[in-house]
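Hi,

Here is the structure I promised to pass on. Have a look at it first, and then read my notes below.

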Amino acid sequence: MHYFTFKRGSLYCENSKVESLAKRFGTPLYIYSQRTMYEHFSKLKNAFKEINPLICYSVKASSNLSILKLLVGYGAGLDIVSGGELYRARKVKCPVKKIVYASVGKTDEELRCAINFGILMFNVESISELRKINAVARKLKKKVDVALRFNPDVEPNTHSYITTGKKETKFGMDKETLKNIFFGAGVYSNLNIVGIHIHIGSQLTDSKPFIETLNKVKNLIKDLEQKGVSLEYLNIGGGLGIVYDKERPQTAQEFADKILPSLRSISLKVILEPGRFIVGNAGILVAKVIYIKDTPAKRFIIVDAAMNDLARPALYSAYHKIVSLKEKAASASAFKIAADIVGPVCESGDFLGKNRHLDVGEGDYIAVLGAGAYGFSMSSNYNSRPRAAEILVKNTKAVLIRKRESYSDLVKGEMLLR
Ligand code: LLP
């Protein structure tokens, strides 16, 4: 569900014509639909309303301050993974007791900042980290709430790079380690161990791995309760998949219907950490065709966006639908030739899509769909390319939420050797 649709042959974002936005703000350009974000957030909230979970939007998916501010305004908390994301959370005045902090490598400085700020809890990934948080908290004379991240060793059926709940990944701790920590919790005098955290992977299209995980969590909690350990929170992470191509992911309601029975029986306060589900289909990347290049082997459509703007195709061979901003008659001859849509970066891995049928000429615009999550937030300056501008659309209004970088931004912070 999203608000990027063709009307009278032209692509619109809500009621704004995308081509006019591309001309006004330049390309490459990230365009987000506010209504889409709101609806996705609301769908999740409504699907789970019976248990009223805390929904902490996963900042890494798209971290622009305006997007965070909107979501915090809708009542979301934030799931952060670094000092930089904490800084963003503070900038948008996210209520401190709605901030949860994961990551396998929190540094002393990051821990100090987050403890002083008073976040709801850390999601802890190792015994060393637990000791470290305890030591930092002791120095600051604070008692800190933590959840322990459980690695359930479950196959989530997604790309291996975004599989996070298998035992060979770096995330979380196994059941025996967790039990030992809980049973010896007294050692950590400056910590309250208040919950369990899980996040088994991203872009999961069905609920089976979640159910398998929750069954394992249920057994773990039963073992803990038998020994008198009681908990307050269960954080089930993010991971809900979206449509990029022909996937048929579960809806928020189907997901809730499937897992609510488990959550009811566990009966702890639930936290969700969705990222992609909220913003993935709420954003597109618009680019301009610079050249059409025909070689004996292939046609290339060379555009002004590249792997530095959207890394997902290069990094995960991810599929993103690509459309021309103008819907033309499908019989057009250019349309019949399969072309690779590529950027100007000097690597053969620099492509946005392969073997696509697009009826575009030089000077026309294309849109890469489903680019709202892990799009701009993973962009870089590779090949000394300034990062794209970001705009937010609400109905017929568009506002700039991140300026296009300039060449002087590129070298900001660099020193000229004397
Ligand atoms: N919670 C934790 C602890 C996470 O590590 C993540 C994502 C999320 C929540 C949000 O997951 P989501 O609901 O968005 O699936 N760059 C990759 C995705 C990396 C996901 C990292 N962790 C991509 O472009 O597909």
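**Cysteines first**

The structure holds zero disulfides. A disulfide is a covalent bond between the sulfur atoms of two cysteines, and the distances here rule that out for the two cysteines I looked at. Keep in mind that this is a predicted model, so everything below is computed from its atoms.

Take Cys94 to begin with. The closest cysteine sulfur to that of Cys94 belongs to Cys56, and at 7.3 Å it is too far for a bond, given that a disulfide needs the two sulfurs within 2.5 Å. Cys113 is in no disulfide either: its nearest cysteine sulfur is that of Cys94, 16 Å away. How do the two compare in exposure, buried or partly exposed? Cys94 is buried, with a relative accessible area of 3%, whereas Cys113 is partly exposed, at 31%.

**The chain as a whole**

There are 418 residues in the chain, and 55% of them count as buried. You will find 13 helices and 20 strands. The C-alpha trace spans about 70 × 60 × 40 Å along its principal axes. Is that in line with a compact globule, or at odds with one? The radius of gyration is 23 Å, and a compact globule with 418 residues would have one near 22 Å, so the chain agrees with that expectation.

The contacts reach a long way along the sequence. Among those between residues at least 6 apart, 70% join residues at least 24 apart. As for the surface, the chain exposes about 18900 Å², and carbon and sulfur atoms supply 52% of that.

**Two helices, each with a buried side**

Helix 1 covers residues 18–25, and its buried residues are Val18, Glu19, Leu21, Ala22 and Phe25. They cover an arc of only 160° around the axis, which puts them on the same side of helix 1. The background is simple: an α-helix has 3.6 residues a turn, so residues three or four places apart point the same way. On the face turned away from the buried side, helix 1 carries the exposed residues Lys23 and Arg24. Just after helix 1 comes Gly26, with a positive phi of about 85°.

Helix 5 (residues 108–117) can be read in a similar way. Which of its residues are buried? They are Glu110, Leu111, Ala114 and Ile115. Seen down the axis of helix 5, they fall within an arc of 125°, so they line one face of the helix. Several elements cover these buried residues, including helix 4 (83–91), strand 7 (99–101), strand 8 (121–124), helix 6 (127–139) and strand 9 (144–149). Just after helix 5, Gly118 takes a positive phi of about 90°.

**Strands 13 and 14**

If you only have time to trace one piece of sheet, I'd go for this one. Strand 13 runs over residues 283–294 and is joined to strand 14 by five bridges, with the two running antiparallel. A hairpin of four residues makes the connection between strand 13 and strand 14. To find the pairing on your screen, look for Ile292, whose bridge partner in strand 14 is Ile301, and for Tyr291, which stands opposite Ile302.

Strand 13 has other partners too. Strand 4 (residues 29–33) pairs with strand 13 in the antiparallel sense over four bridges, and there Ile31 stands opposite Ile284. Strand 18 (residues 365–368) is also antiparallel to strand 13, again with four bridges. In that pairing, Val286 has Ala367 as its bridge partner.

What about strand 14, residues 299–303? Strand 14 also pairs with strand 16 (residues 339–342), this time in parallel, through four bridges. Ile301 stands opposite Ile341 there, and Ile301 is also the residue that partners Ile292 of strand 13. Four of the five residues of strand 14 are buried, so it is largely enclosed by the rest of the structure.

Cheers

Notes:
Residues numbered from 1 in each chain as written. Predicted model: local features only at pLDDT ≥ 70, side-chain atom pairs only at ≥ 80, totals over all residues. Heavy atoms only, no water. Buried < 20%, exposed > 50% of the residue type's maximum accessible area, 1.4 Å probe, protein only. Arc of directions from axis to C-beta. Contact = heavy atoms within 4.5 Å. Pairing = 2+ DSSP bridges. Rg over C-alpha atoms; globule rule 2.2 N^0.38 Å. Areas by Shrake-Rupley, 256 points an atom, 1.4 Å probe, with all protein chains shown as cover.
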